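Q: Please take a close look at one part of this model, and then set that part within the remainder of the fold. A single connected account, with the residues named, would be preferred.

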Amino acid sequence: MDEADVRQRARAFVARVDVSNIREDLSPYVTAANAKVKKDELGEGESGYTITKPNGKHIIIVNSLETEERQRFTVCHEIAHIALGLESSHEEVPSWSYAKRHPNEIACDMFAAELLMPYQQWLSVVPKEEPSLKLMQHMADLFGTSFPAAASRFASLSDMPCAFVTMERGAVRYAARSTALRQAGAWISPRSIIPLGSVAHRIRSSGKSATERGEVSQDVWFDNWKKGLDLWELSRHYLRTDTTISLLWFDSDDLPEVEVNRFGARIEDAGGLTELTGELPWPGRSRRR
Ligand SMILES: [Zn+2]
């Protein structure tokens with residue numbers, strides 16, 4: 001199951017449910033998954049799990065000690081396990097981490113993001129303005145999600161050249177790109193170190209949690225990129241987890257002209273999901289034959 005499959009299945013799941021009040025109440029999803037939610041005080045770092053009864057009914061247990069937004073994410077993540085029929089492997093690494101996470105867990109996180117921020121609803125309410133801290137926080141609050149989840153969604157669904165990069169312990173883990181950037185062949189290598197000259201590098205080097213915005217050269221971030229054009233970078237560093245996130249964007253006028261990558265175009269056609277191909281390929285896809 002690749003990323004396009006997961007997103008397609010998530011959207012099919014969302015399409016069967018009345019999502020008009022989903023930002024307040026997730027119970028239509030819970031019902032659609034033949035599940036019930038039970039809150040319990042779980043150990044630190046344990047967000048939740050699912051028990052399936054002999055009659056096929058699922059009980060989703062969520063950690064009531066975690067934040068409301070975190071609990072909402074957990075409920076949707078557990079629904080993903082049920083809907084996709086994927087086993088849990090929660091013990092390995094904390095859920096905020098993309099590093100070494102089991103592919104099932106990454107798939108369930110993507111499914112959860114589709115449920116929490118249904119794309120049609122997102123596109124109908126997202127203000128048509130430049131990204132800012134205020135805008136990202138507004139969207140996170142509106143959909144009851146974390147700031148990184150909202151920023152990632154913004155990049156994926158934006159019609160401007162835009163990317164959202166997740167970094168851990170100084171290395172790039174994941175990058176979501178808008179369709180415009182993907183079609184332009186903009187590439188950020190996973191597992192590369194945070195580039196020198198980026199805002200992310202500067203604030204992480206300062207050794208404290210901080211949020212900053214600045215203008216940097218596009219070729220600081222994108223591999224084999226034309227020099228001389230700038231982009232905006234909004235970056236936030238979380239000292240406790242040594243996690244850094246950056247939202248990158250620029251005017252369409254500042255997009256260098258390049259040939260569309262045929263490989264990328266083929267993936268798009270096969271998935272039949274042109275409106276949602278804003279992400280990098282599934283981790284490890286490049287190694288597939
Ligand atoms: Zn899981």
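A: **A helix pair and its setting**

Helix 6 (residues 133-143) packs against helix 7 (residues 147-157) at an angle of about 105°, and the two axes lie 8 Å apart. With roughly perpendicular counting from 65 to 115 degrees, that angle makes helix 6 roughly perpendicular to helix 7. The model is a predicted one.

The contact can be followed residue by residue. Helix 6 contributes Leu133, Leu135, Met136, Gln137, Met139 and Ala140, and these meet Phe147, Ala150, Ala151 and Phe154 of helix 7. By class, the contact of helix 6 with helix 7 comprises 9 nonpolar residues and 1 polar residue, with no charged residue taking part.

The setting of this pair is a protein with 11 helices and 8 strands. Of its 289 residues, 50% are buried. The protein exposes about 14,400 Å², of which carbon and sulfur atoms supply 50%. Among the contacts between residues at least 6 apart in sequence, 55% join residues at least 24 apart.

The strands may be taken next, beginning with the sheet of 3 strands. This sheet is open, its strand order is 1-3-2, and its pairing is mixed. Strand 1 (35-40) and strand 2 (48-52) are at the edges; each has a single partner strand, so one side of each has no neighbour in the sheet. From one strand to the next, the twist averages 25°. Strand 2 is joined to strand 3 (residues 58-63) by 5 bridges in the antiparallel sense, and within this pairing Gly48 lies opposite Val62 of strand 3. A helix also covers part of the picture here: helix 3 (residues 68-84) packs on the sheet and touches strand 1, strand 2 and strand 3. The direction of helix 3 makes about 150° with that of strand 3.

A further open sheet has 5 strands in the order 5-4-8-7-6, with antiparallel pairing. Its edges are strand 5 (171-177) and strand 6, each with a single partner strand, so one side of each is left without a neighbour in the sheet. On average, neighbouring strands of this sheet are turned by 20° against each other, with direction ignored.

Two pairings in this sheet can be described in detail. Strand 6 (residues 210-217) and strand 7 (residues 230-238) run antiparallel and are joined by 8 bridges; Ser217 stands opposite Asp230 of strand 7. Strand 6 also holds Glu215. When residues up to four places away in sequence are not counted, Glu215 touches Asp230, Leu231 and Trp232. Glu215 is also 8.6 Å from Ser198, C-alpha to C-alpha, with the two residues 17 apart in sequence.

Strand 7 pairs in turn with strand 8 (residues 243-249), in the antiparallel sense and over 7 bridges. Tyr238 stands opposite Thr243 in strand 8, while Trp232 has Trp249 as its bridge partner in strand 8. The hairpin of strand 7 and strand 8 has 4 residues between the strands, and one of its residues, Asp242, takes a positive phi near 45°.

Note on methods
Residues are numbered from 1 along each chain as its sequence is written. This is a predicted model: local features need pLDDT of at least 70, side-chain atom pairs count only at pLDDT 80 or more; totals for chains, interfaces and linings use all residues. Side-chain values use heavy atoms; hydrogens and water are left out. Two strands pair if DSSP finds at least two bridges between them. Axes are lines fitted to C-alpha atoms, for helices over the stretch in contact, and angles run from 0 to 180 degrees between N-to-C directions. Contact means heavy atoms within 4.5 Å. Angles under 35 degrees count as roughly parallel, over 145 as roughly antiparallel, 65 to 115 as roughly perpendicular and the rest as oblique. Ala, Val, Leu, Ile, Met, Phe, Trp, Tyr, Cys and Pro count as nonpolar, Asp, Glu, Lys and Arg as charged, and the others, Gly among them, as polar. Buried means under 20% relative accessible area, exposed over 50%, partly exposed in between (1.4 Å probe, protein chains only). Accessible areas come from the Shrake-Rupley method with a 1.4 Å probe; for residues, only the protein chains shown count as cover.
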